[in-house]
Amino acid sequence: MAADIGELLVPYMPTIRVPRSGDRVYKNECAFSFDSPESEGGLYVCMSTFLGFGREHVERHYRKTGQCVYIHLKRTIKEKATGASGGGIPKKKSPRIILELEKNENVNNEDYECEDEAKLVIFPDHYEIPLPNIEELPALVTIACDAALAARSPYIRQDSDSWEEELKDSKHENNLQQLDNGVRIPPSGWRCGWCDLRENLWLNLTDGSILCGKWFFDGSGGNGHALEHYRETRYPLAVKLGTITPVGADVYSFDEEEAVLDANIAEHLMHFGIDMLKMHKSENVNPVDDIKPRISEWEMVQESGMKLKPIYGSGYTGIKNLGNSCYLSSVMQIIFSIPDFQRRYVGNLQRIFDYSPLDPTQDFDTQMAKLGHGLLSGQYSKPPMKSEVIEQVMKEEYKSYPQGMMPKMFKALVGKGHPEFSSNRQQDALEFFLHFINLVTRNSNGSDDPSEIFRFMVEDRVQCCQSRKVKYKQRVDYIMQLPVALEAASNKEELLAYELRRREAELAKRPLREIVRAKVPFSACLQAFQEPENVADFWSSELQAKSAAIKTIHFASFPEYLVIQVKKFTFGVDWVPKKLDVSIDMPDLLDVSHLRATGLQPGEEELPDISPPIVMPDQHKAPEIDESAVMQLAEMGFPIEACRKAVYYTGNLGAELAFNWVIAHMEEPDFAEPLSLSGYNEISQNEVGLAGGASSMENQPPEEIVAIITSMGFPRNQAIHALKATNNNLERALDWIFTHADNEDENETALDVDTQSHIITNAEAEPAGPRIKDGPGRYELFAFISHMGPSTMSGHYVCHIKKEGRWVIYNDHKVCASAKPPKDLGYIYFYQRMCY
């Protein structure tokens, strides 16, 4: 028999590989569906590519590649037998291989156990060889099977790439000085030793002082006393109270200016009487503070306390949270509720799958089609049948009822190479939406770009206040940013009375069971959107000098789907990000026709089309940097050199813009490196060469990257300027363009000589403009995304979508009919053009 199996495998030996360290073995998720080993048909893993396939898709891979040998994985979940005492009976150790598969979070592991089965399957005859089978299989096949079965999931590796795992060991962990001053830290009731604050408290590991922080990654505020204490004493390490658990704690090194790991944290904490094994991760809050108001944002947005009826079937499939992935789930639920995306990906499903590359896990169209089909097919949203429930009880076997999907492959692909979306941190849903639109455009073949439904043209009108002449310019955009007109709140007296009650309750340390939020009319926000804004440092071509100017914005076209972001997030007086808790009566029917651009009006005179003089950079002159803005950022806990770069690269326009630069660049390897202007010196030298008649292209961004950005509708000069400002990084350049949208006039005039020479000498024709689908400006609300929490980088996202005449709430994997959709508390609103 052994000889027979060995002979049977001989023709296939060249196609069987042993997984190397860099290989990804996909044992948990099919490349074309969300089938897994727990699915009825199990999962087939190719022994050449190590891709996983459900029963429905493995035949396609066999026909396409000719690969015949697969490992078939099947997991069965059974209820544990109970002994006389009611506890689980220890199971005899089985010689069967236990697969390195992820746990089913829907199963209580105390009551159920997993039985894993592995077989070697040879196509096309489906000849099965149970594993392990050391006696009968050739040695190479045994080694390959064992390595594949023991390989960790590629997503387990990805999950470890979180912020905590990226921390480095502190240089102070082995030689930290700790004073024998008799300080013992109680397990609760902490206060700042300088100002009595009870939140964001840091324990200095040298002298045991407890002091408040300023701004340490989590958005919490304080008075910066921990940092001041370090400056006075030079005691380097501090641990955040409330984060100490048996497995670690959040440690910050003032000396190294970053969060660090402390291998001896248990010993360092024990010095002050803190036993890590008895600590739990929680914030230090009063019991009074734990009492939630009856109408809190969390309760209203999630419709807590209401009996919501679950909905199953096509279009009502939830997405399980992968760990702070609700921002992705909310956006993608809405995306695949739009017919254009359904047609583009799900309508072309078979064609996309048939022509997918050999590695479909890295193909955007394949993963989009897979996700769309999963959401719309209803295969992963089935209610448990009563008869099946009875049968499973009789057999003492757990049957996994498909309730939502876990799109780990999709998340890994769309976040690949992005410093934020590739991590497991919570992200801004709007930023992800724009990132997703960018991916769709880059992966579309021109005319078949479904993201065009969001694209529209904006007309910027800038008027020089001295000459009264105007300049009109159009640009592409995908979102309408709606300001919150707090000054127009209709319940100002009620707000003042509530603020008094809140302060009294805070002093008396008693709960306040109500919340009064500002009620802002939508009309006031829309009026604020239309108001002219001042343009700082505007260079007037009429005056040939800087002048004051005002800018107004209108729609040069109206998209099929209008996306509106409510600008709820701002900065407090101490530059700590905060969120406005407001209620805006967003309309179901919206008419913005009056915001259509009109272009140059009779009697208006245009500013001359003259570029400002080119200022040659001085290599020997030190850059001008607003040191006050640098210090404001440094007090938040950022490295001083990073703060200097942030202020310099945002043009000394203030700490707020510099703060945005810091957040966007803090994951870069050279984030804390000193400011280097060598690139500008090179430009200066090139310009000297051009003046003598030579042309230099050394600093010109790669043309293929410029073409990608211009194909998205951005001007060529803006694309070049953005790439130069971000060291030719495509993702960062796109972020730069969006964050500098209000400074386009300055960007346009900031081109250096070699760029202009390149444009002139090549005489290139400007690329065709972006495809725009214009129409009437009347819309109907069909979806919105709500955010709960103090910051876009924390909290939770939920979306509501109007389907079949009713509102539906999508809260991760839970999909229910909405009882009272909180349309006034949304963050991003999606309107579709009304049909006539």
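Two strands are taken to pair if DSSP finds at least two bridges between them, and the model to which this tour applies that criterion is a predicted one.

**First stop: the mixed sheet**

Begin by selecting residues 168-169, which are strand 6, together with residues 258-261, which are strand 11. These two strands run parallel and are joined by 2 bridges, so the pair meets the criterion of at least two. Display Asp-169 and look across to strand 11, where its bridge partner is Leu-261.

Now widen the selection to the whole sheet, an open one of 6 strands with mixed pairing, whose order reads 6-11-10-9-7-8. Its edges are strand 6 and, at residues 210-212, strand 8, each of which pairs on one side only.

Strand 11 also pairs with strand 10, residues 251-253, this time in the antiparallel sense and over 3 bridges. Within that pairing, Tyr-252 has Ala-259 of strand 11 as its bridge partner. The hairpin formed by strand 10 and strand 11 leaves 4 residues between the strands, and Glu-257 there takes a positive phi near 55°, a backbone angle that can be checked directly in the viewer.

Before leaving this sheet, add residues 225-233, which make up helix 5 and lie across strand 7 (201-204) and strand 8. Against strand 8, helix 5 runs at about 120°.

**Second stop: a cavity beside helix 2**

Which of the cavities should be opened next? The structure holds 7 cavities of 30 Å³ or more, and this stop is at the second largest, with a volume of about 70 Å³. To frame it, select Phe-32, Phe-53, Arg-60, His-61, Lys-64, Thr-65, Phe-353, Ser-356, Pro-357, Leu-358 and Pro-360, which line the cavity. Helix 2, residues 55-65, gives the most to this lining, with 4 residues. Colouring the lining by class shows 6 nonpolar, 3 polar and 2 charged residues.

**Third stop: two crossing helices**

Select residues 339-346 for helix 9 and residues 364-377 for helix 11, whose axes come within 8 Å and cross at roughly 120°. The crossing in which helix 9 passes helix 11 is left-handed.

Showing side chains here brings up Phe-341, Gln-342, Arg-344, Tyr-345 and Val-346 on helix 9, which meet Phe-364, Asp-365, Met-368, Ala-369, Gly-372, His-373 and Leu-376 on helix 11. By class, the residues of this contact divide into 7 nonpolar, 3 polar and 2 charged.

**Fourth stop: the antiparallel sheet**

Move on to the open sheet of 4 strands, which has antiparallel pairing and the order 14-13-18-17. Its edge strands are strand 14, at residues 470-477, and strand 17, at residues 533-540, each pairing on one side only. On average, neighbouring strands of this sheet are turned by 35° against each other, with direction ignored.

For a view of one pairing within this sheet, select residues 456-464 (strand 13) and residues 545-555 (strand 18), which run antiparallel and are joined by 7 bridges. Cys-464 has Ala-549 in strand 18 as its bridge partner.

**Last stop: a hairpin**

Finish with residues 806-811 and residues 814-817, that is, strand 26 and strand 27, which pair in the antiparallel sense over 4 bridges. Ile-809 stands opposite Cys-816 of strand 27.

What should be selected in the turn of this hairpin, which has 2 residues between the strands? Choose Asp-812, which takes a positive phi near 55°.

Notes
Residues are numbered from 1 along each chain as its sequence is written. This is a predicted model: local features need pLDDT of at least 70, side-chain atom pairs count only at pLDDT 80 or more; totals for chains, interfaces and linings use all residues. Side-chain values use heavy atoms; hydrogens and water are left out. On a 1 Å grid over the protein atoms alone, a cavity is a set of points where a 1.4 Å probe fits but cannot get out, and a pocket is an open set with protein on both sides within 12 Å along at least five of seven lines; lining residues have an atom within 4 Å of a point. Grid points are joined across faces, edges and corners, and a volume is the space filled by probe spheres set on the points. Ala, Val, Leu, Ile, Met, Phe, Trp, Tyr, Cys and Pro count as nonpolar, Asp, Glu, Lys and Arg as charged, and the others, Gly among them, as polar. Contact means heavy atoms within 4.5 Å. Axes are lines fitted to C-alpha atoms, for helices over the stretch in contact, and angles run from 0 to 180 degrees between N-to-C directions. A crossing is left-handed if the near helix is turned anticlockwise from the far one by less than a right angle, and right-handed if clockwise.
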